[in-house]
Structure formats: C-alpha cells, structure tokens
Amino acid sequence: MPADQPADQPAPTQAEISALIDGNLHLEGPMLPILHAVQAAFGHIPAAALGLIATALNLTRAEVHGVVSFYHDFREAPAGRHVLKLCRAEACQAVGANALAQDVLARLGVDWHGTTVDGAVTVEPVYCLGLCACGPALSLDGRAVGRVDAARLQDVLRGVGV
C-alpha cells in the first residue's frame, strides 16, 4: 500500500507487518528503520504493529509506543490525502504563525493532527522547516512554502481542492 493510502483502507495484516519487521531486523539499531518501513507501507504505525515490533526487538510494547509518540513524524492513525505542516518555531511565530495556525485550523475545522472530514488534509505542527527568513512557513506534502499570508494559504488549499 502507498504511504498516502486513504483512511478507509483495510487494516494491515500481521503477515504484512511481520515481513517489514523481518526485512529490517538485521540493521544496526533496527527500531527506527522498522517504524519508517511500517509507516511508509501503511501511512501510519498501526496499533497491531507495536506488539510485533516489541517482540521482535525484545522490548516492551510501552517502549515501542514511547518511540512512536516521541517522534512527531510517526502517526498512530492514517493521514489524509495531503499533509499540511505548519511551522511553530519562534522565528515563524514572530511573524504571524500563530494567527496563520488559527486560520488554518478554523478554516479546515480540525485541531492539530486532525484530518478534515472528507479525508483531504491532515494538519500537523512542525518545529522549523528551515525557512526562518521567510516565515510564516508551511509545507504541503513535503513542498515548502514561505511568507504565507491569507491569500497564499488560500492558493495552497485551493491547489489540493479545499
């Protein structure tokens, strides 16, 4: 399954998850490669994967969950068809990122990490996109956009059909 699978796809099977674990288990420090492989395959880290990964790495399920929840790029639920990341770092906040964030969340009717009802967009906070001189900044499906104001935000959202 592609990483941008719709949220209504069937849950991955234990065999599919185990194959990804087995394919990365030989690597040094295999936890992160396994988690990246699982997320790349299914668009998120399914709850069913935590126990399988824990068993394979001789860890507790809580330890695996701790890693998944620590890193912002890992998702515990499928994302929408498009992922909009808003910079929350100080440089962007100094030039209007908080107002931009409130506008985006209100316009899409979601909270942080939320996905629009139609599954089109997931909104996530990110702490620096490297566009500090061009804030406020966002990225849409990995494409960075700087100096975002209401008009540019409208263009970005219109580009994905929102």
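Two strands pair if DSSP finds at least two bridges between them. Keep that in mind for the middle of this tour of a predicted model.

**Start with the whole chain**

Show everything as a cartoon. You should find seven helices and four strands, arranged from the N terminus as α-α-α-α-β-α-α-β-β-β-α. Along the principal axes, the C-alpha atoms fill a box of roughly 50 × 30 × 20 Å.

Now switch on a surface. The accessible area of the chain is about 8,500 Å², with 55% of it belonging to carbon and sulfur atoms. Of the 162 residues, 42% count as buried. If you draw contacts with a sequence separation of 6 or more, 57% of them come from residues 24 or more positions apart.

Colour by charge next. There are 10 positive and 16 negative charges, and their mean positions lie 10 Å apart.

**Select the two domains**

Give residues 14–70 one colour for domain 1 and residues 82–159 another for domain 2. How far apart are the centres of domain 1 and domain 2? Taken over C-alpha atoms, the separation is 29 Å.

**Zoom in on β1 and β2**

Select residues 82–87, which form strand β1, and then residues 121–126, which form strand β2. These two strands run in the parallel sense and are joined over six bridges. To see one of the pairs, pick Cys87: its bridge partner in β2 is Val126.

Stay with β2 and show its side chains. In a regular strand, side chains alternate between the two faces of the sheet. Which residues of β2 sit on each side? Val121, Val123 and Pro125 are on one side, while Thr122, Glu124 and Val126 are on the other. Both faces of β2 are covered, and the residues on the two sides are all buried. That gives six buried residues out of six for this strand.

**Finish at Ala41**

Move to helix α2, residues 31–42, and select Ala41 within it. Is Ala41 buried or exposed? Ala41 counts as buried because its relative accessibility is 15%, and the cut-off for buried is under 20%.

For a last step, add Leu129 to the selection and draw a distance from one C-alpha to the other. Ala41 and Leu129 are 88 residues apart in sequence, and in space their C-alpha atoms are 25 Å apart.

Note on methods. Residues numbered from 1 in each chain as written. Predicted model: local features only at pLDDT ≥ 70, side-chain atom pairs only at ≥ 80, totals over all residues. Heavy atoms only, no water. Buried < 20%, exposed > 50% of the residue type's maximum accessible area, 1.4 Å probe, protein only. Contact = heavy atoms within 4.5 Å. Areas by Shrake-Rupley, 256 points an atom, 1.4 Å probe, with all protein chains shown as cover. Lys, Arg positive; Asp, Glu negative; His and termini not counted. Charge placed at Lys NZ, Arg CZ, Asp CG, Glu CD. Domains from an automatic or database assignment.
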